[in-house]
Amino acid sequence: MSDTILELKDVEVVYSLKEKEVKALERVSFKVEEGEFVSLVGPSGCGKTTLLKVIAGLIDFASGEIMKPEDFEIGYVFQEPTLLEWRKVIDNVVLPLEIKGIDKEQKYKKAKKLLKLVGLEGFEFVYPKDLSGGMKQRVAIARALIYDPELLLMDEPFGALDVPTRLKLNSELNRIWLRTNKTILFVTHNIQEAVFLSTKVIVLSRRPGRVKKIVGIDFPRKRDLKLLDREEYLEKVIEIRKIFGKG
Ligand SMILES: Nc1ncnc2c1ncn2[C@@H]1O[C@H](COP(=O)(O)OP(=O)(O)OP(=O)(O)O)[C@@H](O)[C@H]1O
Ligand SMILES: [Mg+2]
């Protein structure tokens, strides 16, 4: 039995816009076990980013409970790579440690290891402008891992990439997840991507986002792109698409 690392109970988020209030999330409840890969899927504007932000403590929630261990480190990969253009790749990766005042040698050693893990060995000293979109997201993943976070939040990290690059990064993310034993909460509106990567898919409704259904994906954890042609994979995609489609 794994341990629950994160639990949400009836979480509601309301944004105040001038005189108007917008309810973004309604009674959202789910659990994430240690080492799981959980995807959140739902239509545009349903509250996926809001959900990650509230878990990371970047915004407040109006009611409900969020239970996570104390001193819990969270890594965050944003919808855009958000790299600092004037810093070399390695200096972007060490940025979170720099803020914490970790010594230089230790920082660079760790960053080099992570850049190797994400397939960017040899690109440590180039500037972001010389990288493709996929490579920038790899840098953002390395940067998010530098704290050695217990939980990695990823907000549509591959949404802007072309299909072959996205598939390649999906397969690499599966390898990185297994290599690092991280717990990952991953936002996407691509159902194929969610089924390929996850141990569990949480389907959200239109705004205000509610949990419509939680679907377990019990394929072996180590996956390769051949899975995409398998019948059991396609059945899961269709099952989730049907739930997704209903309102
Ligand atoms: N700071 C804010 N103030 C007011 N309303 C907001 C704010 N941020 C988000 N919203 C609204 O809350 C709802 C949920 O937004 P959110 O960005 O979480 O959706 P999302 O599922 O991530 O969308 P997308 O798929 O487009 O990224 C949207 O209707 C959005 O307009
Ligand atoms: Mg979003």
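**Close-up views of pockets, core, cavity and metal site**

**View 1. The largest pocket and the character of its lining.** The lining of the largest pocket comprises four nonpolar, two polar and eight charged residues. The model shown here and in the following views is predicted. The volume of the largest pocket is about 310 Å³. Its lining consists of 14 residues, of which Lys110, Lys113, Leu114, Leu117 and Thr180 are the closest to the pocket centre. Helices α4 (104-117) and α6 (163-180) each contribute at least two residues to this lining. The greatest contribution is that of α4, which provides seven residues. Because residues of domain 1 (4-72 + 150-245) and of domain 2 (83-149) both take part in the lining, the largest pocket lies between the two domains.

**View 2. The second largest pocket, with a volume of about 260 Å³.** Strand β5, helix α3 (95-100) and helix α5 (133-145) are the elements that each give two or more residues to the lining of this pocket. The lining is formed by Ile74, Gly75, Tyr76, Phe78, Leu95, Pro96, Ile99, Arg143, Ala144, Ile146 and Tyr147. By residue class, the lining of the second largest pocket holds nine nonpolar residues, one polar residue and one charged residue.

**View 3. The largest nonpolar core, a set of 49 residues.** Within this core, the residues that touch the most other members are Leu115, Met154, Leu173, Ile184, Phe186, Val195 and Ile240. Helix α5 is the element that gives the most to the core, with seven residues. The core lies between domain 1 (4-72 + 150-245) and domain 2 (83-149), because both domains supply residues to it.

**View 4. The cavity, the one of 30 Å³ or more that the structure holds.** The largest cavity encloses about 40 Å³ of space. Its lining is made up of Val118, Arg138, Ile141, Phe158, Leu169, Glu172, Leu173 and Ile176. Helices α5 and α6 are the elements that give two or more residues to this lining, and α6 accounts for its largest share, four residues. Leu173, one of the lining residues of the largest cavity, is also among the members of the largest nonpolar core that touch the most other members. Six of the residues lining the largest cavity are nonpolar, none is polar and two are charged. Because domain 1 (4-72 + 150-245) and domain 2 (83-149) both provide lining residues, the largest cavity lies between these domains.

**View 5. The magnesium ion (ligand 2) and its protein donors.** The OG1 atom of Thr49 and the OE1 atom of Gln79 coordinate the ion, at 2.0 to 2.8 Å. Thr49 belongs to helix α1 (residues 48-56), whereas Gln79 is found in the loop between β5 (74-77) and α2 (89-93), so the pair ties together parts that are 30 residues apart in sequence. Thr49 has a relative accessibility of 26% and therefore counts as partly exposed. Gln79 likewise counts as partly exposed, at 38% relative accessibility.

Definitions and conventions. Residues numbered from 1 in each chain as written. Chains lettered and ligands numbered in written order. Predicted model: local features only at pLDDT ≥ 70, side-chain atom pairs only at ≥ 80, totals over all residues. Heavy atoms only, no water. Donors = N, O, S within 2.8 Å, 3.2 Å for Na, K, Ca; no water. Buried < 20%, exposed > 50% of the residue type's maximum accessible area, 1.4 Å probe, protein only. 1 Å grid on protein atoms, 1.4 Å probe; cavity = no way out; pocket = protein on both sides within 12 Å on 5 of 7 lines; lining within 4 Å. Points joined across faces, edges and corners; volume = space filled by probe spheres on them. Nonpolar A, V, L, I, M, F, W, Y, C, P; charged D, E, K, R; others polar. Domains from an automatic or database assignment. Core = buried A, V, L, I, M, F, W, Y, C linked by side-chain atoms within 4.5 Å.
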